[in-house]
Amino acid sequence: MLLSLTAGGVGLNLVGANHLLLLDPHWNPQLEAQAQDRVYRVGQTKPVYIWKFMCAETVEQKIHALQEHKLGIANGVLTGTVNKGSKLTIDDLKSLFGL
């Protein structure tokens, strides 16, 4: 089955699938994590393989850096170690497009 993160994020539990190929990054890293969780569910009997493809020197790498930044903010909130300068800024968004 081939589907986008948007279509796959509406309640599918794919315990019959065991390969996940992430071809395009999403702004929200939690959606990618949710896609991974939908493949690896209770009842899954096969080993699960997850590959994330990314083209070098493209906006995909910048989106990945933004994802890491967002995950760092979320981690800080959950652990109570939020830094004062941990909010996303307009400069973070501008860096995605090389502005």
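Select Trp51 first: in this predicted model, its relative accessibility is 39%, so Trp51 counts as partly exposed. Add Tyr49 to the selection. Tyr49 has a relative accessibility of 38% and therefore is also classed as partly exposed.

Now show both rings. A pair of aromatic rings is described by the distance of the centres and the angle of the planes. A search of the whole structure finds 1 aromatic pair, and that pair is Tyr49 with Trp51. The centres are 6.0 Å apart and the planes make an angle of 15°. The pair counts as stacked because planes under 30 degrees apart fall in that class.

Next, select residues 49-52, which are strand E2, together with residues 19-22, which are strand E1. The two strands pair in the parallel sense, over 4 bridges. At Leu22, look across to E2: the residue opposite is Lys52.

Add residues 29-39, helix H2. With E1 and E2, helix H2 makes a β-α-β unit, and the unit is right-handed.

Within helix H2, pick Glu32. Is Glu32 buried or exposed? Its relative accessible area is 4%, so Glu32 is buried; the cut-off for that class is under 20%.

Show the side chain of Glu32 and follow two contacts from there. One goes to the side chain of Lys52, a polar contact of 2.8 Å. Lys52 is the residue already met opposite Leu22. The other goes from the Glu32 side chain to the backbone nitrogen of His26, at 3.0 Å.

To finish, display Glu32 in helix H2 along with Lys52 in E2, and keep the 2.8 Å contact between their side chains in view.

Key. Residues are numbered from 1 along each chain as its sequence is written. This is a predicted model: local features need pLDDT of at least 70, side-chain atom pairs count only at pLDDT 80 or more; totals for chains, interfaces and linings use all residues. Side-chain values use heavy atoms; hydrogens and water are left out. Rings of Phe, Tyr and Trp (its six-membered ring) pair if their centres lie within 6.5 Å; planes under 30 degrees apart count as stacked, over 60 as edge-to-face and the rest as tilted. Buried means under 20% relative accessible area, exposed over 50%, partly exposed in between (1.4 Å probe, protein chains only). Two strands pair if DSSP finds at least two bridges between them. A crossover is right-handed if, with the strands pointing away from the viewer, the path from the first strand over the helix to the second runs clockwise. A polar contact is a pair of N or O atoms within 3.5 Å; within protein, one must be able to donate a hydrogen and the other to accept it, and residues adjacent in sequence count only if both atoms are side-chain atoms.
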